[in-house]
Amino acid sequence: MRHTKNPTQILSAYGMRHTGCRSQILEQFIYHDFALSHNYIESHIDSKYDRVTIYRNLKAFLDKGVIHKVLDDEGGIKYALCNDACTEHDHHHNHVHFKCEKCGKTICIDSLKIPEISLPANFEAKELNLLIQGTCDECT
Ligand SMILES: [Zn+2]
Ligand SMILES: [Zn+2]
Ligand SMILES: [Zn+2]
């Protein structure tokens with residue numbers, strides 16, 4: 001498991017209000033080492049938290065640099081915990097994501113950086129996404 005912190009420590013570290021919903025969402029991210037979709041989170045936490053509440057909290061986590069978006073091959077969005085280097089409005093990672101075609105899991109490969117890309121003049125990059133598809137180490 002990559003993340004050893006608990007939800008309370010994460011919320012405190014990012015100066016966020018502690019709520020039951022936030023703690024439960026974070027538990028899901030800490031417990032799983034692959035990226036999670038909104039639907040997955042919704043079906044794994046207390047059903048008293050509705051879609052909109054979960055959406056708002058995911059957005060708050062994104063804004064604070066607690067989690068980042070992981071684009072899927074089917075155009076869906078998943079989310080994964082950021083490493084410690086990320087802060088509000090300042091995501092530092094440019095790591096590669098890997099989607100396993102057998103188990104369907106999308107994982108962050110923090111040790112593998114996206115190579116430097118030189119854009120044509122007057123183009124400005126805002127976000128880089130590199131998704132490698134194949135078979136993960138658990139499925140080979
Ligand atoms: Zn980040
Ligand atoms: Zn797999
Ligand atoms: Zn990632």
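Leaving aside its neighbours within four places in sequence, which residues is phenylalanine 61 in contact with? Select Phe61 and find out; bear in mind that this is a predicted model. Around the ring you should pick up Leu11, Met16, Arg22, Ile25, Leu26, Val66 and Ile67.

**The nonpolar core**

Now widen the selection. Phe61 belongs to the largest nonpolar core, a set of 23 residues. It is one of the members that touch the most others, a group that also takes in Ile25, Phe29, Ile41, Leu58, Val66 and Ile67. Colour by secondary structure and you can see who contributes: α1 (7-13), α2 (20-31), α4 (51-64) and β3 (77-81) each supply at least two residues of this core.

**Along the hairpin**

Stay on Ile67 and look across to the partner strand: opposite it stands Leu81 in β3. Show the backbone of β2 (residues 67-71) next, and you'll see it pair with β3 in the antiparallel sense, over 5 bridges. Follow the turn that joins the two strands, 5 residues in between, and stop at Gly75, where phi is positive, near 85 degrees.

**The zinc ion with three histidines**

Jump to ligand 3, a zinc ion. Its donors are NE2 of His68, His95 and His97 plus SG of Cys108, at 2.0 to 2.2 Å. Check the angles among the 4 donor atoms: they run from 103 to 112 degrees, and the site is tetrahedral. Along the chain the spacing reads H-x26-H-x1-H-x10-C. Turn on a surface and look for His95 and His97: both are buried.

**The zinc ion with four cysteines**

Ligand 2 is a zinc ion too, held by the SG atoms of Cys100, Cys103, Cys136 and Cys139 at 2.3 to 2.4 Å. The arrangement here is tetrahedral because the 4 donor atoms subtend angles of 102 to 118 degrees, and every angle has to lie between 85 and 135 degrees for that label. In sequence the donors are spaced C-x2-C-x32-C-x2-C. Compare two of these cysteines by accessibility. Cys100 has a relative accessible area of 1%, so it counts as buried. Cys103 is at 33%, which means partly exposed.

**Last stop: a loop asparagine**

Finish in the loop between β5 (106-113) and β6 (131-134), where you'll find Asn122. Its relative accessible area is 83%, so it is exposed. Put the backbone torsions on screen: phi of Asn122 is near 70 degrees, a positive value in a residue other than glycine. Most residues other than glycine have a negative phi.

Definitions and conventions. Residues numbered from 1 in each chain as written. Chains lettered and ligands numbered in written order. Predicted model: local features only at pLDDT ≥ 70, side-chain atom pairs only at ≥ 80, totals over all residues. Heavy atoms only, no water. Donors = N, O, S within 2.8 Å, 3.2 Å for Na, K, Ca; no water. Tetrahedral: all angles 85-135°; square planar, octahedral: opposite > 155°, others 65-115°. Buried < 20%, exposed > 50% of the residue type's maximum accessible area, 1.4 Å probe, protein only. Helix = DSSP H or I, 4+ residues; strand = E, 2+ residues; numbered from the N terminus. Core = buried A, V, L, I, M, F, W, Y, C linked by side-chain atoms within 4.5 Å. Contact = heavy atoms within 4.5 Å. Pairing = 2+ DSSP bridges.
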